Structure formats: structure tokens, C-alpha cells
Amino acid sequence: MAESADTPGTGRHTKRIQSILVTQPKPTTEVSPYSALAEKYGIRVDFREFIEVQPVSYKDFRRDKINIADFTAVIFTSRNAVDHFFRICQEAKLEMPAEMKYFCISEQTANYLQKYIVLRKRKLFVGTRTAADLFDVIKKHKGENFLYPCSDIRKDDLPVFMRANNLKFTEAVIYRTVASDLSDLSDVKYDVLAFFSPSGISSLFVNFPSFVQDGTRIAAFGPTTAKAVRDANLELDIEAPMPNAPSMAGAIEAYIRRNQPAE
């Protein structure tokens, strides 16, 4: 693994960025912060998911002997969790009771629930922005029996909080996060690789065990992703969110303005 002692404004940091690989799905609309970045600086921006979601079969789910009907509340932290939870319910021929309560990490996740149920204020509880905000909401419902549908790879913050507060809850692994097959990228070089989860870093080395960073800039969104970059002995060049750049595209642009030589 190549290490670099370069500091901003020197060495590889001054090499003009001409290509970026964003390790997420391509935006569904033509207009996005990345398209604006590409047009403004003449940069090629490609998108490729580094991780895939695979469903846990209903047969495998049953092996854990979890009876969804025993629970009074469900906690959702992602759209994937919503989709796969209701897939399990459908395969089990289970209709969710009207009194079931739903706790969602964000408004976006809560709105997504409308794909499967009719939302009522009396049974829907939403955090304002972060997991910590949702914890404050959950604390007010200590009498519930919570089900937490999740991936086999998930953050520890929610389970740690639930145990620390003696809340009754059960984890249910309903989908798995695995590395995508990136073999077609083996000969493709990018000036920036932008990551959004530790799983993306793992996928990089699953696909390319002898990856050497050399002049490639690494961008990471969120503290856990940044830590995964450093734990992999990679140099982290671009970190988001930052006070002056809350998005990945904004952080990359700030890096370009700070480091790239003027035309």
C-alpha cells in the first residue's frame, strides 16, 4: 500500500483532477451537484455501487424464531430495511396490526413507509436528523417491545443505546450487504474515489487486494467511513461533511479550489 507524506498544495494534491468515481448509484435526474461539478471543472464523473444488498430468505429468517406479531414497535433506519421488512411480512402472509408503532430515523424514511402502509400520526415517530435525535423519541416509549430490522453489517449505536436504557428490543437481520463485482474496473484509473460507508472500503480490497493508492485521492463521507479509510492504511484527502461543505460534491469542490493550479 502506497503511503504519501504530501500535504495540501504539494505533490499529488496539485495534480489536476480529471476523473471521479462516486461509489453510489447514478442520480435519477440529469441535474445533480455532481453534474454541476463536472461541467464547471471539466471533470468526468462516473458512478458505480461498490456494495450490493441481498435479501435474507423467509426460510432463513424463520430460523431465528422471530415472531413479528409479538412486537409493538418497529425501528427503521433505512429504505432497505423498510423494503425487506415488508417483503418478509408479505412472504409470511402477515398484515401489520393497526396499532403497530413505527420509529424512523428521518422524514425521508418515514415518507417511504407510505409505499406499504397508511401513515397515521398516532403511530409514527420520527427523528429530526440523526440517530441521537431518534433515541430521544424512543426514550419516551420505554414500554414498547421493539423490533429492529437491519443488515448483517450495521452501526452499533442503536443496539448500544437500547441495552444501556434497558429497552426491550430484538435485532432481525433481513438483508445482507456484500461486495459488488468490480472486475471490469481493474484497468480503470480515477483521480478521486469517493466512499460513503466502511463497506465500500471493504469492497475495494475484496475486488482489488493489491490496490495501491499512489496519486489517487480518497474522499470519505461521515466519520465511520473516514475511520475505515485510515484503518486500511489509505491517506484520506477529502472529508465530508464539513462546516463549509455539507455534501460530498461540495467537499470535493472545496478541495479542488484549495489545491488545484489555476488554468
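Visitor: In strand 5, which residue is the bridge partner of Phe-76?

Guide: The partner of Phe-76 in strand 5 is Cys-104. Please keep in mind that this model is predicted.

Visitor: In which sense do strand 4 and strand 5 pair, and over how many bridges?

Guide: Strand 4 and strand 5, the latter formed by residues 101-104, pair in the parallel sense over four bridges. Strand 4 also pairs with strand 7 (residues 145-151), again in the parallel sense, over two bridges. There, Val-74 stands opposite Leu-147 of strand 7.

Visitor: What unit do strand 4, helix 3 and strand 5 make?

Guide: Together with helix 3 (residues 79-91), the two strands make a right-handed β-α-β unit.

Visitor: How should one read the two faces of a strand?

Guide: In a regular strand, side chains alternate between the two faces of the sheet. In strand 4 (residues 73-76), Ala-73 and Ile-75 lie on one side, while Val-74 and Phe-76 lie on the other.

Visitor: Are these four residues of strand 4 buried or exposed?

Guide: All four are buried, and both faces of strand 4 are thus covered. For the whole protein, 45% of the 263 residues count as buried.

Visitor: Where is Asp-214, and what is its phi?

Guide: Asp-214 is placed in the loop between helix 7 (198-207) and strand 10 (217-221). Its phi is positive, at about 45°, although Asp-214 is not a glycine.

Visitor: Why does Asp-214 count as exposed?

Guide: The term requires over 50% relative accessible area. Asp-214 counts as exposed because its relative accessibility is 52%. Asn-233 also has a positive phi, of about 65°, and is not a glycine. Asn-233 belongs to the loop between helix 8 (223-231) and strand 11. With a relative accessible area of 45%, Asn-233 is partly exposed.

Visitor: Which peptide bond is cis, with omega near -5°?

Guide: That bond runs from Ala-240 to Pro-241. Pro-241 is found in the loop between strand 11 (238-240) and helix 9 (248-259).

Visitor: How far apart are Ser-183 and Ala-251 in sequence and in space?

Guide: They are 68 residues apart in sequence and 28 Å apart in space, C-alpha to C-alpha. Ser-183 is found in the loop between strand 8 (168-179) and strand 9 (192-195), and Ser-183 is partly exposed, at 47% relative accessibility.

Visitor: How many helices and strands has the protein?

Guide: The protein has nine helices and 11 strands. Among contacts between residues at least 6 apart in sequence, 69% join residues at least 24 apart.

Key
Residues numbered from 1 in each chain as written. Predicted model: local features only at pLDDT ≥ 70, side-chain atom pairs only at ≥ 80, totals over all residues. Heavy atoms only, no water. Buried < 20%, exposed > 50% of the residue type's maximum accessible area, 1.4 Å probe, protein only. Contact = heavy atoms within 4.5 Å. Pairing = 2+ DSSP bridges. Right-handed = clockwise from strand over helix to strand, strands pointing away.
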